[in-house]
Amino acid sequence: MKAVCLKGPRQVELVDVPVPDIANDQLLIRMGASTICTSDLNDIRANPFDIPLPVIIGHEAAGTVVGIGQDVTGFSLGDRITTHPVHPCGYCSACREGKQHLCLNMGHFGIDLQGTMAQYYYVRSDRARHIPDEMPFPLAALSEPVSVCLEALAQAKLKAGDSLLIMGDGPFGVLMARLAQTMDLAHVVVAGWQDFRLSFAKSAQKINTQHLEEPVPALLQPVDSGYDAVILAVGSAQAFHQGFQCLKPKGRLVVFSAIPEGAQVDLMTVHIKEMEIVGACNDQDRFDEAVQMLTNPALGIAELITHQFPLSQFEQALHLAENAHDQVMKIALIG
Ligand SMILES: [Zn+2]
Ligand SMILES: [Zn+2]
């Protein structure tokens, strides 16, 4: 089968490898769509998580069941499914405490499990969900991005009538903005640098800060006294500082995007205003809720898939995803 393989920094090739064998608890999937994630681009550029190379990349995907391990129940050949890349071990201390998404022995597509940018991939059956017949695979492939966005919103601990500022207009930021529409908030504001991308935030208020010398007053403009929560959906220390300054006392900053170089935290303000800074990375069991959200026509999540390419045109797809932020939101590779 053909697969997209990361061999070294910026060295990505289409390789020919055998179709994987499956274990008794796994399904073999014919890939229908695998969407490109910002983290794929980061891995290709700098491999910040030290993934052992070479590796077949990709982790957001959906497809058709073409093989079933002998212990698997509930799936049939030909079933259309979406898959979750995170495979908790089930027995480590984190798993036993109910924090499977922070499993100490986690398996993950494109890291220590084969990635999904391939004609075939495998999944442990508990990490697969059926999708409706009419749901296109590129939309279904977004189940994991939606799951992690639901987690970030949950970590913001918002109540009806609260206000939320999302820093970042990439696919995650605009997904969060759309999902936040279901939460009865007084204000959902998205800040970013691209009008094209901001336009995907649908009914949220959009603020382009690219050319603002003082973004904070502009970000605060929609609210009286700051935001109840800010979600950092861009890996920028500058955005972190701006977002932090926009919080109310007792406000909560959710660190969803990594800032590999770190950021200075104003601990005096954390102390005086009793602020909270929390992380959100994987999702704690939000897969089923995410599949539900994909079927919600009011959220229109399919609109985020702006481009589709066959697997063989992966180079063009990756190039666009990295460089054309003014034209591209989410790109799907099609199996
Ligand atoms: Zn991802
Ligand atoms: Zn575990």
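What spacing do the donors of the zinc ion (ligand 2) follow along the chain? Let me start there, and please keep in mind throughout that what we are looking at is a predicted model. The spacing is C-x2-C-x2-C-x7-C, and the protein donors that make it up are the SG atoms of C89, C92, C95 and C103, which lie 2.3 to 2.4 Å from the zinc ion. The angles among these 4 donor atoms run from 101 to 119°, and the site of the zinc ion (ligand 2) is tetrahedral.

From the metal site I would like to turn to the sheets, beginning with the one that includes the start of the chain. Here 3 strands form an open sheet in the order 2-1-4, with antiparallel pairing, and its edges are strand 2, at residues 11-16, and strand 4, at residues 55-56, each of which pairs on one side only. Strand 1, which covers residues 2-8, is joined to strand 2 by 6 bridges, and if you look for C5 in the structure, you will find that its bridge partner in strand 2 is E13.

The other sheet I want to show you is also open, but its pairing is parallel, and it is formed by 6 strands in the order 13-12-11-14-15-16. Strand 13 (205-208) and strand 16 (276-279) each have a single partner strand, so one side of each is left without a neighbour in the sheet. From one strand to the next, the twist averages 20°. Within this sheet, strand 11 (residues 163-167) and strand 12 (residues 187-192) pair over 5 bridges in the parallel sense, and V189 in strand 12 is the bridge partner of L165.

Two helices belong in this part of the picture. Helix 4, residues 143-155, lies across strands 11, 14, 15 and 16, and runs at about 155° to strand 15. Helix 8, residues 237-245, packs on the sheet as well, touching strands 11, 14, 15 and 16, and its direction makes about 150° with that of strand 15.

Finally, let me point to a pair of helices. The axes of helix 1 (residues 38-46) and helix 11 (residues 314-323) come within 10 Å and cross at roughly 100°, which makes helix 1 roughly perpendicular to helix 11. On the side of helix 1 the contact is made by L41, I44 and R45, and on the side of helix 11 by L318, A321 and E322; by class, that contact has 4 nonpolar residues, no polar ones and 2 charged ones.

Notes
Residues are numbered from 1 along each chain as its sequence is written. Chains are lettered from A and ligands numbered from 1 in the order in which they are written. This is a predicted model: local features need pLDDT of at least 70, side-chain atom pairs count only at pLDDT 80 or more; totals for chains, interfaces and linings use all residues. Side-chain values use heavy atoms; hydrogens and water are left out. Two strands pair if DSSP finds at least two bridges between them. Helices (H or I, at least four residues) and strands (E, at least two) are DSSP runs, numbered from the N terminus. Axes are lines fitted to C-alpha atoms, for helices over the stretch in contact, and angles run from 0 to 180 degrees between N-to-C directions. Contact means heavy atoms within 4.5 Å. Angles under 35 degrees count as roughly parallel, over 145 as roughly antiparallel, 65 to 115 as roughly perpendicular and the rest as oblique. Ala, Val, Leu, Ile, Met, Phe, Trp, Tyr, Cys and Pro count as nonpolar, Asp, Glu, Lys and Arg as charged, and the others, Gly among them, as polar. Donors are N, O and S atoms within 2.8 Å of the metal (3.2 Å for Na, K and Ca); water is not among the atoms, so sites may look incomplete. Four donors count as tetrahedral if all angles lie between 85 and 135 degrees; four count as square planar and six as octahedral if opposite donors are over 155 degrees apart and all others between 65 and 115; anything else is irregular.
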